[in-house]
Amino acid sequence: MNIGIIGAGNVGTGLTKHLIARGHAVMLSFSLDMGKLNATAAQLGARVGTVAEAVQFADVVVLATPWNVTPDALSQTGSVQGKKIMWDSTNALKPDLSGLAIGTTTSGAEEIAKLAPWATVVKAIPPFAQMLHSPSMLIGEHRSDVFVCGDDADARSVVARLVGEIGAQPVDAGPLALARYVEPAAMLLVQLAYQRGFGARIGLSLLHEPPGSAPQGAPA
Ligand SMILES: NC(=O)c1ccc[n+]([C@@H]2O[C@H](COP(=O)([O-])OP(=O)(O)OC[C@H]3O[C@@H](n4cnc5c(N)ncnc54)[C@H](OP(=O)(O)O)[C@@H]3O)[C@@H](O)[C@H]2O)c1
């Protein structure tokens, strides 16, 4: 699959490493320092392009930009023919990481869908970049769960497959509006990692019975 990544920072390059290892072709874009971007891409075996070129190249566009520059990045796509799946990996953090810039009555994902009407947006916030760049994606014996939200079931399953390929465990969470609650959960992890001393090798895990196997008499 061709993957076009907007934002070649910690997350963009971490995802690139895993996706190239799984046989995908990756084009990186969006940097203030094209020399650095070219060197990084060469090291990872990725291509480099403008944002518009990365979107054009892509079967799936990955958005991996800091929230405050996301509108700028999306303004550089040019006109996009047809619909493209967008894996939104962003979190709408304030620049100082003190909280979310947006939330609960809408979500970063829903705002991105408004900014990029060409995109079938699927929210899936990956594990911390330190994990993506580390030798193992496992915490103990466990993969981190990644909640996958989007209004198009086929697009959700495409992104879920990619989430699995980076070494995380996708959880199909249904519609894009669920991102309103997924994004604050990611903020909780940021706080625990950086303010509460847990460090970045943490993730979420959803405990659940297999569908239909709830014990008799259990509340619905
Ligand atoms: N870091 C994590 O562990 C983590 C985990 C899950 C989700 N997220 C989310 O993923 C997104 C990306 O995070 P990150 O940690 O990868 O960010 P990052 O390392 O700061 O990378 C941001 C990228 O955007 C580029 N960029 C920033 N401002 C720009 C501008 N004005 N013009 C052009 N390029 C610009 C940077 O390019 P240059 O520096 O090369 O100029 C860099 O390639 C964020 O929304 C974050 O909340 C992060």
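Start by selecting the ligand: the space it takes is the largest pocket of this predicted model.

**The shell around the ligand**

Next, show the residues around the ligand; there are 23 of them. Which ones come nearest? Look for Val11, Ser31, Leu32, Thr65 and Ala129. Now try colouring the shell by residue type. You should find 13 nonpolar residues, eight polar ones and two charged ones.

**Polar backbone atoms by the ligand**

Keep the ligand in view and turn on the backbone atoms. Begin at valine 11, where a polar backbone atom is 2.8 Å from an oxygen atom of the ligand. Move on to asparagine 91: here a polar backbone atom and a ligand oxygen are 3.2 Å apart. Then select serine 89, which has a polar backbone atom 3.5 Å from an oxygen of the ligand. How much of the ligand does the protein cover? On its own the ligand has 900 Å² of accessible area, and the protein covers 78% of that.

**A pair of rings**

For the last stop, look for aromatic side chains. The structure holds one aromatic pair, and you can bring it up by selecting phenylalanine 128 and tyrosine 194. Are these rings stacked or edge-to-face? They are edge-to-face, with 5.7 Å from centre to centre and 80° between the planes.

Finally, show the cartoon around both rings. Phenylalanine 128 is in the loop between strand 6 (119–123) and helix 6 (129–132), while tyrosine 194 belongs to helix 8 (residues 179–194), so the pair ties together parts that are 66 residues apart in sequence.

Conventions
Residues numbered from 1 in each chain as written. Predicted model: local features only at pLDDT ≥ 70, side-chain atom pairs only at ≥ 80, totals over all residues. Heavy atoms only, no water. Near = heavy atom within 4 Å. Polar contact = N/O pair within 3.5 Å; in protein donor to acceptor, adjacent residues only side chain to side chain. Areas by Shrake-Rupley, 256 points an atom, 1.4 Å probe, with all protein chains shown as cover. 1 Å grid on protein atoms, 1.4 Å probe; cavity = no way out; pocket = protein on both sides within 12 Å on 5 of 7 lines; lining within 4 Å. Sits in = over half its atoms within 2 Å of the grid points. Nonpolar A, V, L, I, M, F, W, Y, C, P; charged D, E, K, R; others polar. Phe/Tyr/Trp six-rings, centres within 6.5 Å; stacked < 30°, edge-to-face > 60°. Helix = DSSP H or I, 4+ residues; strand = E, 2+ residues; numbered from the N terminus.
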